[in-house]
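Colleague: I have the structure open at the bench. Can we go through the ligand site and the cysteines?

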Amino acid sequence: MIHTWKEYILIQKAKNLLKKNYSEYGFTSPAPKLYPFQWNWDSGFIAYGYSFYNQQKAMTEMRTLFKGQWGNGMLPHMIFHENHPEYFPNHDFWDSSTNPTAPKIPTSGITQPPIHAIVVWQIYNELSKKDNKKARKFLEEMYPKLFKLHKYLLTERDPENSGLVTIYHPWESGLDNSPRWDLALERIEVPKGMKYKRWDTQVVESDERPTKKEYDRYLFLVEELKKHNYDDKKIYKDYPFKIKDVVISSILYKANIYLKKIGQVIGEDTKQIDKWLDYFRKGLYEDSFNKEDGFFYDIDLVSGEQIKNKTVAILSPIITGILDAHHIRQLIYDLDGIGFCGGTSCVEHAFPSTGEKEKEFDHERYWRGPLWINMNWFFFKAFVDQGMSIEAEVLRECVLGMIKRHGFCEYYSPLNHKGFGAKNFSWTAALTIALVKE
Ligand code: 2M8
């Protein structure tokens, strides 16, 4: 619901930004200069925003994205519908054709957080208010694609049946430059003097982006994946970066709840989804939960250790709905105790990507400190679902205040709320619409 005239103006600005970032190929770029292609979870958030005022565009965004789905179910993190030769790493670097199940359209060879079933359900909800038949048809069209994606993630990426998804690259996490990956990257030896020309640091300040040391390792890992033909069986046997990612797994759990709802509306048998939901509930507490401090961590499969950095990931199971309001409040107040939000209330302050008391904390460098709207939106939604209306409203006010003052930035400093990264960032605009309307 729109509360004020200022919120109305904010929504108009958000819609204008999304219009500007829209490509004639039927997708919305995250930010045309820095990220000129279609990105996987960006398109999910963007379609979520569209669902409130243009369901046709929301459906197109999803349809264009799933054109990149591989035969094995994997949904790539980047789809190269257009040619931008200046960009690096481009489609020729990824060379997805080394995998026989890759589609004709060039894509990257790794995936991103699977938020799409949540988005498809939201589009259905909005569309069915006007045209129930069309809304149901959309579910029938999307269900097999979504099911195939979830099956891929919970078989190829979880041969252990732990309900937790294994990632092969920091870029798969969506929280790319998080200190969570530092130790695992540290032990990877790369050839000396790797030469390449980065695109990102030509567009934004280099101290807002990953260092050369990290970038070398990102590119080295892609070379390794190519050597394995992006074949999960080969990768699982012998590859240096395999991590059970608690954020992706929590998002997938929530997405499975929506996939089940979708299946039920169109009369599908949803027993397999129930199994996946059970696996996660078990895996979350057996593998990711740490009894000593009560937080949830990723698991590094190479070292066998939990990754103990205090980042936004340790809260991510809040997204699932498994944790009740009492448990969520306990987690949030424990965080206040360890200075995660610099000694203030995390809700009033919004959740940074990395705790402010962490030694790796950097308020301007992406995913190593800044506040991101997508993670805060997930928590806002969880608070609403758990009836935590005060926390939801305080967080919403804080996030919208930041956006009103500094525009639709890619991320914001937790120290002064100033914006950094791309200045015309699509998911910030799309989720602003959601934050105002939901
Ligand atoms: C960032 O990731 C890309 C690589 O995928 C990059 O840094 O170049 C991340 O924030 C990721 O989550 C996001 O999807 C992407 C586009 O917004 O940018």
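**Ligand and cysteines**

Modeller: This is a predicted model. The ligand sits in the largest cavity.

Colleague: Which residues come nearest to the ligand?
Modeller: The ligand has 16 residues around it. Five of these come nearest. They are Asp42, Gly174, Asp176, Arg209 and Tyr366.

Colleague: How do the residues of that shell divide into nonpolar, polar and charged?
Modeller: Leucine-type and aromatic side chains such as Trp and Tyr count as nonpolar, and Gly counts as polar. On that basis the shell around the ligand divides into 10 nonpolar, 3 polar and 3 charged.Colleague: How far is a polar side-chain atom of arginine 209 from an oxygen atom of the ligand?
Modeller: A polar contact needs a pair of N or O atoms within 3.5 Å. Aspartate 176 has a polar side-chain atom 2.8 Å from a ligand oxygen. For tryptophan 367, the distance from a polar side-chain atom to a ligand oxygen is 2.9 Å. For arginine 209 it is 2.7 Å.

Colleague: How much of the ligand's accessible area does the protein cover?
Modeller: On its own, the ligand has 420 Å² of accessible area. The protein covers part of that area, namely 98%.

Colleague: Now the cysteines. Which cysteines form a disulfide?
Modeller: The structure holds 1 disulfide. A pair of cysteine sulfur atoms must lie within 2.5 Å to count. One pair has its sulfur atoms 2.4 Å apart. That pair is cysteine 341 and cysteine 346.

Colleague: Is that link right-handed or left-handed?
Modeller: Cysteine 341 is buried, as is cysteine 346. The angle about their S-S bond is 110 degrees. The link is right-handed.

Colleague: What is the distance from cysteine 398 to the nearest cysteine sulfur?
Modeller: Cysteine 398 is in no disulfide. The nearest cysteine sulfur belongs to cysteine 341. The distance is 9.4 Å.

Colleague: Why does cysteine 398 count as buried?
Modeller: Buried means under 20% relative accessible area. Cysteine 398 is buried because its relative accessible area is 11%.

Colleague: And which cysteine sulfur is nearest to cysteine 409?
Modeller: Cysteine 409 is in no disulfide either. The nearest cysteine sulfur is 14 Å away. It is that of cysteine 398.

Colleague: What is the relative accessible area of cysteine 409?
Modeller: The limit for buried is again under 20%. Cysteine 409 is buried, with a value of 1%.

Conventions:
Residues are numbered from 1 along each chain as its sequence is written. This is a predicted model: local features need pLDDT of at least 70, side-chain atom pairs count only at pLDDT 80 or more; totals for chains, interfaces and linings use all residues. Side-chain values use heavy atoms; hydrogens and water are left out. A residue is near a molecule or strand if one of its heavy atoms lies within 4 Å of it. A polar contact is a pair of N or O atoms within 3.5 Å; within protein, one must be able to donate a hydrogen and the other to accept it, and residues adjacent in sequence count only if both atoms are side-chain atoms. Accessible areas come from the Shrake-Rupley method with a 1.4 Å probe; for residues, only the protein chains shown count as cover. On a 1 Å grid over the protein atoms alone, a cavity is a set of points where a 1.4 Å probe fits but cannot get out, and a pocket is an open set with protein on both sides within 12 Å along at least five of seven lines; lining residues have an atom within 4 Å of a point. A molecule sits in a cavity or pocket if more than half of its atoms lie within 2 Å of its grid points. Buried means under 20% relative accessible area, exposed over 50%, partly exposed in between (1.4 Å probe, protein chains only).
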